[in-house]
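Visitor: I should like a close look at the salt bridges of this structure. Please take me through the charged pairs and how far they are exposed to solvent.

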Amino acid sequence: MTIVTSLADYHHADAVSYIGSLKFIYIMKTSEISTNTLCYHCGDDIASELFIVDDKQFCCAGCKGVYQVLSQNNLCNYYVYNKAPGQTKQYVEQHFDFLNEPSIFSKLVDYTDEKITLITFFIPAIHCSSCLWLLEHLHKINPAIVQSRVDFLKKQAEITFDQNKVSLKELVEILVSIGYEPLISLQDVVKEKKNSVNRDLIRKIAVSGFCLGNVMLFSFPEYLGISSLEAQFQSLFGWLNLAMGAVVTFYCSQDFFTSAWGSLRNRVINLDTPLALIVAVLFIRSAFEIISGTGPGFSDTLTGLVFLLLMGRWVKQRTYNHISFNRDYRSYFPVAVTLLDENGQEKPVPINDLEVGSRILVRNNEIVPADSILMKGDGCFDFSFVTGESDPKTKVLGEVIYAGGRQIGKAVEMEVVKPVSQSYLTRLWNNEAFKRDDSKIKNFNDTIAQYFSAVVIVIATGSLSYWYYHGDISRAWDAFSAVLIVACPCVLALSTPLTLSTVLGMFDKNGFYLKNTDVVEQLARVDSVVFDKTGTISCPEAVDLRFSGTLSRYEESLVGSLARNSSHPLSREIVKWLGGAADLRVEGYSEVAGKGVSAFVDGHEITMGSRAFVSPDADVMSTSSVVHVRIDDEYKGFFKINQRWRDSLKQLIHVLNTRYRMHVISGDHAAERKSLSSIFPEYVPMLFKQSPHDKLQYIKKLQQDQNIVMMLGDGLNDAGALRQSDLGVAVTDNINNFTPGSDAILKGPVMGKLPQFIHQAKMAIKIIKVSFVIASVYNLIGVYFAVQGSLSPLTAAILMPMSTVTIITTTNLANQYFARKNKLR
């Protein structure tokens with residue numbers, strides 16, 4: 001099968017398409033057809049012209065052309081997931097030559113190098129699972145497309161492609177050719193759309209509200225018991241109500257049916273399943289009664305229920321967007337970057353204080369926080385956060401370095417050329433390539449939803465069967481409908497995400513930053529806490545340091561220039577102790593995690609680190625952390641660093657001691673054991689001289705013993721252990737400690753609040769469970785009357801949202817109460 005890279009590559013007996021300028025020659029119509037024939041691609045009625053390919057009928061040349069592209073690339077599974085998933089493709093002559101302009105290209109892409117480019121498009125046409133499937137298989141249309149991932153809710157596609165084989169213009173033309181034209185703007189389109197109003201939802205709310213008002217108006221004779229109304233008017237009002245109900249059912253309720261069908265295909269029952277069922281039942285009952293003339297139907301209940309459910313979704317979405325906006329544009333990451341002032345002095349500043357033109361210092365293993373130009377030093381960057389490929393890229397002076405790259409090697413100076421985008425860093429932090437297999441961890445909603453919905457359906461069906469068996473068909477359907485409505489799972493659908501999002505915001509304000517709401521539930525489950533030592537329980541800003549040996553002023557400059565390139569806390573303290581940032585020429589810089597650093601500084605070979613790394617024969621006895629120094633094969637001495645523990649450490653350990661199993665693991669030697677023994681209880685295991693691999697294996701062993709482990713590390717030598725643990729927390733002070741392996745980032749000064757954070761998370765889960773119990777009690781009372789047929793569907797539809805609002809308000813007040821109790825407000 002020949003792979004088609006664009007519409008210009010194929011020819012057909014009926015049509016020829018030129019993708020370069022998107023000019024299409026329409027084929028001649030083949031026959032006149034009736035209006036009840038549907039287009040195979042988009043599902044619209046074929047009004048006049050018929051286009052036939054492979055025995056498939058299409059309404060226009062556009063739909064036919066899209067089908068041909070999919071067919072020739074073996075992508076017709078697109079039509080398996082949904083019937084007629086495409087949208088009408090009206091061809092308009094378009095020109096995308098502007099995308100070849102370098103200045104425009106640079107503003108649109110997220111990342112580019114000599115081979116790979118990554119870009120995010122906002123695509124309004126995304127609307128179903130077929131869209132998702134097709135857009136994630138773009139590589140079958142053109143192999144130059146490396147991968148594509150779709151965020152269905154945000155209607156955005158993140159595409160990685162080889163720009164040497166396919167240009168940005170050609171990529172856009174491919175998307176247009178298959179019916180998914182991206183909305184292109186030179187502004188930050190994705191960010192703008194993320195927080196924009198969901199116009200489709202607003203339209204559905206407006207339509208359902210309009211239908212509800214008119215149905216209520218037409219139903220007044222029934223409400224008032226006016227029996228003298230002429231038969232023709234009574235029949236007319238009934239048919240008008242049925243028409244309104246049909247619009248609400250087949251348009252406004254579409255999302256409920258789509259979600260329910262998707263869950264059933266995956267052999268699960270989600271919270272939308274009973275909602276879709278009750279909408280279908282109410283419409284079918286209404287249609288039967290109105291058509292047969294046996295009753296007025298339930299169009300008022302149907303339209304009222306759907307209107308209230310859609311309003312609930314709108315409130316939820318507005319709340320979530322508000323929270324998301326705050327979390328994106330506040331200081332989401334406690335990441336500080338080293339700013340260089342006009343005199344070259346280094347100063348740590350919060351990342352959101354960076355401006356275009358700021359001069360920054362990026363050390364080894366640190367993340368570039370914003371698109372910047374390399375101004376000084378030899379750049380070698382790992383862009384695996386962005387592209388998923390770990391091969392480092394060498395950069396030269398004057399090149400643009402994209403946000404998310406991690407510097408490998410000596411420190412470099414850069415000048416910021418684009419404002420910091422916290423939302424972009426958020427997306428990098430949540431990169432799929434760094435996610436663990438968390439399939440074994442289910443949140444409360446996932447666990448309870450399938451059972452809750454199944455029980456509701458069983459009770460409703462049982463009520464229907466009971467009254468139907470006893471010959472009361474009207475009561476049977478009333479009972480069935482009332483049970484489904486009164487037991488509506490709106491409490492779970494709304495209260496859980498809002499409760500956890502509120503907790504996320506509280507933690508954010510207190511310097512504890514979690515990836516998402518699922519991490520809150522993981523935090524509540526933790527039973528074991530593993531502490532790294534250096535930079536985690538020790539305070540990097542409070543150390544007592546002295547040098548044993550002899551260093552000349554020039555040798556101090558050599559040592560300071562080497563240490564300046566490392567982001568390790570002890571290296572920064574050595575630079576500070578030596579009296580500033582020496583800046584001699586550094587070449588061949590390398591850093592071995594957990595061991596030390598080495599380089600040629602001003603022509604001299606300098607090595608710093610552990611005794612085994614620097615000089616195995618050195619005879620040193622010390623009660624503190626030690627950094628040895630060797631210059632040109634001559635051992636010069638060592639820095640003795642008497643570390644001080646964080647002020648809140650003793651109180652923290654005292655509180656955690658009664659509830660959690662604790663462990664201490666460190667890459668340093670055991671000289672600090674005696675000092676730590678006065679803080680930690682005797683039973684706490686303390687392991688020293690542990691490599692990053694040893695730390696990872698220790699976490700695995702704890703998990704094999706059925707422990708739920710929270711690991712607290714500095715994010716430098718602990719990346720593997722942080723990623724392996726059930727909850728990895730990177731503790732940071734004034735360093736750029738952005739690591740994709742962690743689930744949370746904790747500011748060092750607020751480490752003492754960790755018990756309050758855990759308690760708040762536990763209370764949030766308890767609030768959710770209690771609210772579910774309360775809702776269940778309410779539902780049982782409602783179901784008790786509903787199964788007897790004594791609760792009308794309309795009454796149930798009124799009581800359902802009232803109970804939901806009450807419970808959501810109660811959970812919010814409970815959250816605020818525990819936040820004040822835990823001193824998090």
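Guide: Residues count as buried under 20% relative accessible area, as exposed over 50%, and as partly exposed in between. On that scale Asp-472, with a relative accessible area of 28%, is partly exposed. The model is a predicted one. Asp-472 forms a salt bridge with Arg-475, and their closest N and O atoms are 3.7 Å apart. Arg-475 is likewise partly exposed, at 33% relative accessibility.

This pair belongs to a total of 20 salt bridges in the structure. Another of them joins the side chains of Arg-585 and Glu-587, with an N to O distance of 3.0 Å. Here Arg-585 is exposed, at 55% relative accessibility, while Glu-587 is partly exposed, at 37%.

Salt bridges with shared partners also link Asp-200, Arg-203, Lys-204 and Asp-255 into one network. Within this network, Lys-204 and Asp-200 form a salt bridge whose closest N and O atoms lie 3.3 Å apart. Both residues are in helix α7 (residues 199-218); because they are four residues apart there, about one helical turn separates them. Lys-204 has a relative accessibility of 1% and therefore counts as buried, since the limit for that class is under 20%. Its partner Asp-200 has a relative accessible area of 31% and is partly exposed. The bridge between Lys-204 and Asp-200 thus pairs a buried lysine with a partly exposed aspartate.

Technical notes. Residues numbered from 1 in each chain as written. Predicted model: local features only at pLDDT ≥ 70, side-chain atom pairs only at ≥ 80, totals over all residues. Heavy atoms only, no water. Salt bridge = Lys/Arg side-chain N within 4 Å of Asp/Glu carboxyl O. Helix = DSSP H or I, 4+ residues; strand = E, 2+ residues; numbered from the N terminus. Buried < 20%, exposed > 50% of the residue type's maximum accessible area, 1.4 Å probe, protein only.
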